[in-house]
Amino acid sequence: MIEGIVFDMDGVLIDSHPVHRIAWSKFLATVGKSVSEEGLGFILAGRRREDILRHFLGDLPESKIAEYGHQKDLFFEENFQDVKLIPGVREFLEALETAGLEAGIATSASSARTWGTLRRLELDQKFTAVVTGDDVEAGKPDPEVYRLAARRMNLPPEKLLALEDAPCGVQAAKSAGMRCIGVSTNGRAELLRQCGAEFVVPDFRNLSIETLSYLSFR
């Protein structure tokens, strides 16, 4: 039986990918980089900001990573009003709390954006552990972010269920020893299964803890 659930943030807790695409496109244009819509798909893979910056702009010093990351976040803020909760998330988190199950976050997002987002959406009191891209040396698909979440939740990975929308996130959770359910908010259900997701759900509507437990531990 599962004792806790670890959520990715973007694409799992919040519908933010359209806003991210706009923000990255605007930022990259300011540094003279034109990226196609297909090329922007790289940002949906669940990687850390510094990994995305280096993918598009090459090897950058840490000072530039911080500067460019801040600029990109300003563009994200311009359209934050368009960031919405994934349908059914709030009700599902309340169900977890009622059942006495732990909830954690393992995200590639920066600490500042993660906590800013959680506070603005009134979710900051819902999690016993929040691990961000700033807390780890290696980003997903490396399992470090999920292993750290398990340690902070004081639970063994095999008692935790990860919820992920990105292939490298699924790989990270599985490598950490967790079961993983895919959340196909980006329409990539089959790809998530191929990467190791036990099952894939479209969102959290009509989803119970018992159903998730059955799907992942059958």
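Me: Which residues are exposed on the other side of α4?

Reply: Happy to help, and note that this is a predicted model, where local features need pLDDT of at least 70, side-chain atom pairs count only at pLDDT 80 or more, and totals for chains, interfaces and linings use all residues. Residues are numbered from 1 along each chain as its sequence is written, and side-chain values use heavy atoms, without hydrogens or water. Helices are DSSP runs of H or I with at least four residues, numbered from the N terminus; buried means under 20% relative accessible area, exposed over 50%, and partly exposed in between (1.4 Å probe, protein chains only). The buried residues of α4 (residues 89–99) are Val89, Phe92, Leu93 and Leu96, while on the other side the exposed ones are Glu91 and Thr98.

Me: Why do the buried residues of α4 sit on the same side?

Reply: The set to place is Val89, Phe92, Leu93 and Leu96. An α-helix has 3.6 residues a turn, so residues three or four places apart point the same way. Taking directions from the helix axis to the C-beta atoms, the buried set lies on the same side of α4 because the arc covered is only 100 degrees.

Me: Which residue just after α4 takes a positive phi?

Reply: Let's step past the end of the helix. Just after α4, a positive phi of about 75 degrees belongs to Gly100.

Me: What percentage of the residues of the protein count as buried?

Reply: The protein has 9 helices. By the cut-off already given, the buried share of its 218 residues is 52%.

Technical notes: Helices (H or I, at least four residues) and strands (E, at least two) are DSSP runs, numbered from the N terminus.
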